[in-house]
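Here is a short briefing on one protein model, grouped by topic. Keep the structure open while reading.

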Amino acid sequence: MKVIKLGGSLLEQPEALSALFQSLKQSDDEIVLVHGGGALVQQWLATAGLHSEKVNGLRVSPEPHMPYIVGGLAGAANKTLMKQAIAAGLKPIGLTLYEAGVLCAKQSESLGQVGVCQASEAVSGLISDLLAQGYLPIISSIGFSDSGDWFNVNADDAAVAVAAAYNADLLFITDVDAVLDGSGTPLSHLNSESIQELTRAGVIKDGMEVKVRGALSAAKRLRRCVRIGSWNVMNNPFSGTQISE
Ligand SMILES: Nc1ncnc2c1ncn2[C@@H]1O[C@H](COP(=O)(O)OP(=O)(O)O)[C@@H](O)[C@H]1O
Ligand SMILES: CC(=O)N[C@@H](CCC(=O)OP(=O)(O)O)C(=O)O
């Protein structure tokens, strides 16, 4: 199984999305998509007159913000992807982390309803049943606790948790062709040491820092390489940046 994380920026690029879903249609792999939609959520909260801020790459998510966050991610973002998938001839099923068998817990009081994924031992059989029936699971980064609290999970962290739960390959598709060095040149490989160095130097920062950290932790946990790139990676599996221990 291959878990592909789609960054929210792709939602605003219908042509790239269309090309991506066409590639997925040709693929023989069992694919599960996990998606973000940070820009869309930001826009919805601003339209509602709610001020939203991020701390260390995580959106502070007080309970009154949650209907907009859940509506944006599990609603509009998820259904925009379904729309494109159906147009490409695929059979998508929109899900949250809960249906994928990944439970969440509160990260810290100060971040509100930001969730961390908990290691799930009893993985739900739903995903394998859906794949066997030819469906494309599209999972938003909205999660729940076992007592029904809802959570906003960073979508990179959500993708790592899903890949870990299913012992799957992991690929991050984002809005840049690769992780770039200080002079803007694409880096073909990164490991623990080079990541530490480039992060310390401020070359890898913002959303890319969260993504690279997630990719490294997944590479260690899954004992295999994880790739970060643009949708072109679907056509050229050796493009982008390969992250290994
Ligand atoms: N060294 C780097 N190489 C490439 N992008 C970087 C780097 N450091 C920071 N970034 C930023 O990270 C962004 C990708 O992260 P993010 O916006 O969170 O993506 P996504 O929405 O796909 O999760 C890039 O658009 C870029 O602005
Ligand atoms: C807790 C937290 O930060 N959640 C993210 C979830 C969406 C996301 O990660 O979207 P991208 O992949 O497009 O960045 C947020 O609210 O922005």
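**Positive phi and exposed loops**

With 8 C-beta neighbours inside 10 Å, Asn 56 counts as exposed. This is a predicted model. Asn 56 sits in the loop between strand S3 (54-55) and strand S4 (58-59). Its phi is near 50°, a positive value in a residue other than glycine.

- Most residues other than glycine have a negative phi.
- Asn 167 also departs from that pattern: it is not a glycine, yet has a positive phi of about 50°.
- Asn 167 lies in the loop between H5 and S11.
- Asn 167 is exposed, because its count is 12 other C-beta atoms within 10 Å and the exposed class takes in counts of 12 or fewer.
- Gly 49 takes a positive phi of about 80°, just after H2.
- Gly 202 belongs to the loop between helix H6 (192-200) and H7.
- Gly 202 is exposed, with 9 other C-beta atoms within 10 Å.
- Gly 202 and Gly 182 are 20 residues apart along the chain, and 8.7 Å separates their C-alpha atoms.

**The sheet**

- Eight strands form an open sheet with mixed pairing.
- The strand order is S5-S8-S2-S1-S11-S13-S14-S12.
- Strand S5 (92-95) and strand S12 (189-190) are the edges, and each pairs on one side only.
- Strands of a sheet pair through backbone hydrogen bonds, either parallel or antiparallel.

**Strand pairs, one by one**

- S1 and S2 are parallel, with five bridges between them.
- In that pair, Ile 4 stands opposite Leu 33 in S2.
- Strand S1 (residues 2-6) also runs parallel to S11, again over five bridges.
- There, Leu 6 faces Ile 173 in S11, the two standing opposite each other.
- S11 pairs in the parallel sense with strand S13 (residues 226-229) over three bridges.
- Leu 171 stands opposite Arg 227 in S13.
- At the S12 edge, two bridges join S12 to strand S14 (residues 241-243) in the parallel sense.
- His 189 is the residue opposite Gln 242 in S14.

**Burial of two strands**

- S1 is largely enclosed by the rest of the structure, because four of its five residues are buried.
- Strand S11 (residues 169-173) is mostly covered, with four of its five residues buried.

**Helix H2 and its buried face**

- H2 spans residues 38-47, and Gly 38, Leu 40, Val 41 and Trp 44 in it are buried.
- Seen down the axis of H2, the buried residues fall within an arc of 160°, so they line one face of the helix.
- An α-helix has 3.6 residues a turn, so residues three or four places apart point the same way.
- On the other side of H2, Ala 46 and Thr 47 are exposed.
- What do the buried residues of H2 pack against? They pack against helix H3 (66-87).
- H3 in turn lies across three strands: strand S2 (31-35), S5 and strand S8 (136-140).
- H3 runs at about 155° to S8.

**Core and helix H5**

- In soluble globular proteins, nonpolar side chains tend to be buried together.
- The largest nonpolar core here has 71 residues.
- Ala 159 and Val 162 touch the most other members of that core.
- Helix H5 (residues 155-166) gives the core its largest share, nine residues.
- Which residues does Val 162 touch, not counting those up to four places away in sequence? They are Val 3, Val 32, Val 34, Ala 100, Val 102 and Ile 139.

**Helix H5 against helix H7**

- The axes of H5 and helix H7 (residues 206-222) come within 9 Å and cross at roughly 10°.
- That angle makes H5 roughly parallel to H7, because angles under 35 degrees count as roughly parallel.
- On the H5 side, the contacts come from Asp 156, Asp 157, Val 160, Ala 163 and Ala 164.
- On the H7 side, they come from Val 210, Lys 211, Gly 214, Ser 217, Ala 218, Arg 221 and Leu 222.

Terms used:
Residues numbered from 1 in each chain as written. Chains lettered and ligands numbered in written order. Predicted model: local features only at pLDDT ≥ 70, side-chain atom pairs only at ≥ 80, totals over all residues. Buried ≥ 20, exposed ≤ 12 C-beta atoms within 10 Å, placed from the backbone. Arc of directions from axis to C-beta. Contact = placed C-beta atoms within 7 Å. Pairing = 2+ DSSP bridges. Axes fitted to C-alpha atoms, helices over the stretch in contact; angles between N-to-C directions. Core = buried A, V, L, I, M, F, W, Y, C linked by C-beta atoms within 7 Å. Parallel < 35°, antiparallel > 145°, perpendicular 65-115°, else oblique.
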